[in-house]
Amino acid sequence: MSDESTSWLQTASQRMNWLAERQKVIAENIANSDTPNYKARDVESFESYLSQQNDRSVAVRQAENVWGSSMDNNTVVLEEQSLLAASTSSQYRLASKLYGKAYAMISMVNGK
């Protein structure tokens, strides 16, 4: 297997890890949608995640408050979180399919 294909598979794997962490954060936001003063969170961008050399954990940060907050100062908007969850899920399915196809092609070329 070439270094280029290994690098590509590694990036695809990292993308799936990042998406899984994002889905966990979104689930926590939804679980805390009725918690007073809870601030919605999100993960760092995928590009920031890739640029880290030593630490491969996904950094969690406070989400931008685009949709506003409730009267109890909670910034979780269920509609927004539902859209993010659906998008993240779709991206994960696509990344895993591409990873699987690439791995199958490389295995076929290598005669495995």
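How many aromatic pairs does the structure hold? The answer is two. Keep in mind that this is a predicted model. The aromatic rings are a good place to begin.

Take F46 and Y49. Their ring centres are 6.1 Å apart, and their planes meet at 40 degrees. Planes under 30 degrees apart would count as stacked, and planes over 60 as edge-to-face. The angle here falls in neither range, so the pair is tilted. Now look at where the two residues sit. Both belong to helix α2. Three residues separate them in sequence, which is about one turn of the helix. W18 joins in as well: ring pairs link W18, F46 and Y49 into a cluster.

Are F46 and Y49 buried or exposed? Buried means under 20% relative accessible area. F46 has 10%, so F46 is buried. Y49 has 3%, so Y49 is buried too. F46 also has a charged partner. R15 lies over the face of the F46 ring, at 5.0 Å from the ring centre.

Next, step back to the core. The largest nonpolar core has seven residues: W18, L19, V25, V43, F46, Y49 and V58. The three members of the ring cluster, W18, F46 and Y49, appear in this list. Helices α1 (3-31) and α2 each supply at least two residues of the core. The largest share comes from α1, with three residues. Pick out V25 from the core. Neighbours within four places in sequence aside, V25 is in contact with R41, D42, V43 and V60. V43 is itself a member of the core. R41 and D42 will return shortly, in another role.

Now turn to charges. How many salt bridges does a search of the whole structure find? It finds three.

Start with K24 and E21. Their closest N and O atoms are 3.2 Å apart. Both residues lie in helix α1, three residues apart, so about one helical turn separates them. K24 has 47% relative accessibility, so K24 counts as partly exposed. E21 has 30% and is partly exposed as well.

The next bridge joins R22 and D42, with the closest N and O atoms 3.0 Å apart. This pair links distant parts of the chain. R22 is in helix α1, while D42 is in strand β1 (residues 41-43), 20 residues apart. Are these two buried or exposed? R22 has a relative accessible area of 12%, so R22 is buried. D42 is at 12% and counts as buried.

The remaining bridge joins E28 and R41, with the closest N and O atoms 2.1 Å apart. This pair also links distant parts of the chain: E28 in helix α1 and R41 in strand β1, 13 residues apart. E28 is partly exposed, at 35%. R41 is partly exposed, at 28%.

Finish in a loop. Q52 is found between α2 (46-51) and β2 (60-62). Is Q52 buried or exposed? Its relative accessible area is 18%, and the limit for buried is under 20%. Q52 is therefore buried. What does the side chain of Q52 make a polar contact with? The partner is the side chain of E44, at 3.0 Å. Leaving aside neighbours within four places in sequence, Q52 is in contact with E44 and S57.

Note on methods: Residues numbered from 1 in each chain as written. Predicted model: local features only at pLDDT ≥ 70, side-chain atom pairs only at ≥ 80, totals over all residues. Heavy atoms only, no water. Helix = DSSP H or I, 4+ residues; strand = E, 2+ residues; numbered from the N terminus. Buried < 20%, exposed > 50% of the residue type's maximum accessible area, 1.4 Å probe, protein only. Polar contact = N/O pair within 3.5 Å; in protein donor to acceptor, adjacent residues only side chain to side chain. Contact = heavy atoms within 4.5 Å. Core = buried A, V, L, I, M, F, W, Y, C linked by side-chain atoms within 4.5 Å. Phe/Tyr/Trp six-rings, centres within 6.5 Å; stacked < 30°, edge-to-face > 60°. Lys NZ or Arg CZ within 6 Å of the ring centre and 35° of its normal. Salt bridge = Lys/Arg side-chain N within 4 Å of Asp/Glu carboxyl O.
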